[in-house]
Structures are given as structure tokens and as C-alpha cells.
Amino acid sequence: MAGEKIIVKSKSHYWQRAWMLYAMLALPVIFFVVFRYIPMTNIAIAFKDYNIFQGVWSKGSPWVGLKYFQKAFQSRDFWNAIRNTLMLNLLDLVVGFPAPIILSLILNELVFRRFKKLTQTIVYLPHFLSWIIVSSIATRLLAPSTGVVNIFLGNTFGIAPIDFLMDKVRWVITYVLFGVWKEMGWGTIIYLAAITGINPELYEAAEVDGAGRWRKLWHITLPGIKPTIVILLIMNVGRILGIEFDRPYTMMNNLVIEVADVISTLVYRVGIRSFQYSYTAAIGVFQSVVCVVFLVAANTFAKKFGERGIW
């Protein structure tokens, strides 16, 4: 009886190990199909005359080669969207990227811990607001006749009402500043975490040598978070041609569409509303390729300057 129990136990153990081995072999296949093969159908759509009722791989969606890429390159709206996307992302990079670094350095220098935590909480909150709410706030604050900003400027300085959201240049400035306000606090989380990883003995040694706050900030804190800054900069450069949809779409209007129409809004307007799926898929493929090129270039430059980079 004892021998039979041992045999039964060994068989069940064998099947358990067999199922574990099967799962280990099947998981990579499932992962490839779900996260690699299925998304590749979007790439195929860019090279086909896609018929939504026939499917991607049927004869009803014939291959057309680079037809829709040529159509995109010959479109004025496409190049206008490329220009606007690059312009807005570059402004976000120049203005918005240093903002959380500066804020994290300021928060790190605060002595009163309660005030520091309260400030952190306040600056984090805008991140959790959707762009629909943020655009509504911008509309209410910047309205020419009833907006708080224009009322303040008129009553205090006697300035005539300003159309912040109707003028192209002012709209771009407003777009960038509200983006900084919304995401600046959230970006400080990473930098504050990097600052806490710096060895405290470095600050103690610098203080013994007579270094003040500015010297410690410049020679210890900034070099300590430099690898984090470089990695995040590479990732931001890699997304230079990628842009979210809700931010420009909720803030744009017909008067500023010439500078507000970006790739994501073009894809929505042409692809979803006009049912030109192959055309917008071609735009998406081009966008992805350019983003990869920028990412590789930024990583290469970072390595040439002695940084580790992403890979």
C-alpha cells in the first residue's frame, strides 16, 4: 500500500511538472501573439487598401504598396500636422522638461517637513485632472470678458481684454504653460526619489569643507541625479513626434487650427471620422519609425558624452 501511494504521488508530481513546463513554453507564444503579432496588423493596414467589412488578410483588402504613404507625403495637412507636432513637443521639451527638475531641487531644500509635504501634495494634484477639465479651467480663466485673468489685468493695469485662446501665438504659449502646470508636480516624484538615493555622507563632507547650499546643490545633488535626467531626456526625445490626443483636441478651436492640428487630431479627423483607415495607419507607421530614429539617436549621443543611456 505504501508503495502504491508513492507511485501515485510520483505520477501526480510528474504531471504537475509537465503542466508547468507546458505553461513556461506557452506563455512566450501567447505574449508574442497578443502583444506583437496582433498589433502588427496595423502595420499591414498601411500597405493595403483596407476594407473594414472584409478584414485585414482577406482578398477584399488588396496590397497597394506605398500608395498611402505617397498620399500622406503629398498632403498639405500631413506636413502641417508634422510641423505643429514637432513645434509643440519641442516647446514642451524646452520649457516643461527643466520645470520638474527645478521644482524637485526647491522642494528638497525646504526645511519644514510639513510645509514640504503640503506643497508636494498641491503640485501633484493637477496631474490627476483630465485635459477636459483643464481646458474648461483655461476657458473660464482666460475668457476675454468674464475671465479672471483679464478682469485682473484690466482692473489692476488697465490692459484691454486679451484673447489668449483665439490668437495663434498666445494659444501656443497657453498650451505649453498649462502643460507645465499640469505635469510639473508629477515629474518631481522621480527626481526626488533620485535625490534621496544620494549618499548623505557626501553632503556632510562638503559641509565640513565649508560648502554652502548652492555649492552642495551644484556639485552633489545635480551630478547625483544626472543619470536620471539623461534617461528621461532620451525618452522624451524619443517621443518627439508622438503626441497625446486629448490635450490639443480639447484646447483647440477653429481660429487656431493652423497651429493646433497635430498628428493625433489629424488621424482622428481623417481616419475615424472619414473612414480612411489605411491612410491613417500609414501616418502612424511613419510616426513610429521617426520616433524610433530619434530615440536611437538620442541614446547614441548620450553614450558618446559618457552616459549609460537606456541600453
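This report covers the nonpolar cores, aromatic pairs, charge–ring contacts, one loop proline and the largest pocket of a predicted model.

**Nonpolar cores**

The largest nonpolar core holds 25 residues. Six of them touch the most other members: Phe-97, Ile-101, Leu-105, Tyr-191, Ile-225 and Ile-229. Several helices give two or more residues to this core. They are helix 5 (98-109), helix 6 (113-124), helix 9 (168-196), helix 10 (200-208), helix 11 (213-238) and helix 15 (277-304). Helix 11 gives the most, with eight residues.

Ile-229 shows how these parts meet. Leaving out residues up to four places away in sequence, Ile-229 touches Phe-97, Ile-101 and Tyr-191. Those three partners are themselves listed with Ile-229 among the residues that touch the most other core members.

A second core is separate and has 23 residues. Its members include Val-134, Val-172, Phe-178 and Met-251.

**Aromatic pairs**

The structure holds 16 aromatic pairs. Two of them are set out here.

| Pair | Centre to centre | Angle between planes | Geometry |
|---|---|---|---|
| Phe-73 and Phe-286 | 5.4 Å | 75 degrees | edge-to-face |
| Trp-214 and Trp-218 | 6.0 Å | 20 degrees | stacked |

Phe-73 lies in helix 3 and Phe-286 in helix 15, so their pair ties together parts that are 213 residues apart in sequence. Is each ring buried or partly exposed? Phe-73 is partly exposed, at 37% relative accessibility. Phe-286 is also partly exposed, at 22%. Buried would need a value under 20%. Both residues belong to one aromatic cluster, together with Phe-78 and Trp-79.

The tryptophan pair is local in sequence. Trp-214 and Trp-218 both lie in helix 11, four residues apart, about one turn of the helix. Their planes meet at 20 degrees, so the pair counts as stacked; the cut-off is under 30 degrees. Trp-214 is exposed, with a relative accessible area of 58%. Trp-218 is partly exposed, at 49%. The line between the two classes is 50%. Helix 11 thus carries this pair as well as eight residues of the largest core.

**Charges over rings**

Two charged side chains sit over tyrosine rings. The charged end of Lys-71 is 5.0 Å from the ring centre of Tyr-279. For Arg-247, the charged end sits over the ring of Tyr-175, 3.9 Å from its centre.

**A loop proline**

Where is Pro-62? It is in the loop between helix 2 (40-46) and helix 3 (67-73). Pro-62 is partly exposed, with a relative accessible area of 39%. Setting aside neighbours within four places in sequence, Pro-62 is in contact with Phe-47, Lys-48 and Asp-49. Pro-62 and Lys-48 are 14 residues apart along the chain, yet their C-alpha atoms are separated by 5.5 Å.

**The largest pocket**

The largest pocket encloses about 860 Å³ of space. It is lined by 27 residues. Which of them are closest to its centre? They are Asp-92, Gly-96, Glu-183, Asn-236 and Arg-239. Helix 4 (76-96), helix 9 and helix 11 each supply at least two lining residues. Helix 9 supplies the largest share, ten residues. Helix 9 and helix 11 therefore serve two regions: both line this pocket, and both give two or more residues to the largest nonpolar core.

Definitions and conventions. Residues numbered from 1 in each chain as written. Predicted model: local features only at pLDDT ≥ 70, side-chain atom pairs only at ≥ 80, totals over all residues. Heavy atoms only, no water. Core = buried A, V, L, I, M, F, W, Y, C linked by side-chain atoms within 4.5 Å. Buried < 20%, exposed > 50% of the residue type's maximum accessible area, 1.4 Å probe, protein only. Contact = heavy atoms within 4.5 Å. Phe/Tyr/Trp six-rings, centres within 6.5 Å; stacked < 30°, edge-to-face > 60°. Lys NZ or Arg CZ within 6 Å of the ring centre and 35° of its normal. 1 Å grid on protein atoms, 1.4 Å probe; cavity = no way out; pocket = protein on both sides within 12 Å on 5 of 7 lines; lining within 4 Å. Points joined across faces, edges and corners; volume = space filled by probe spheres on them.
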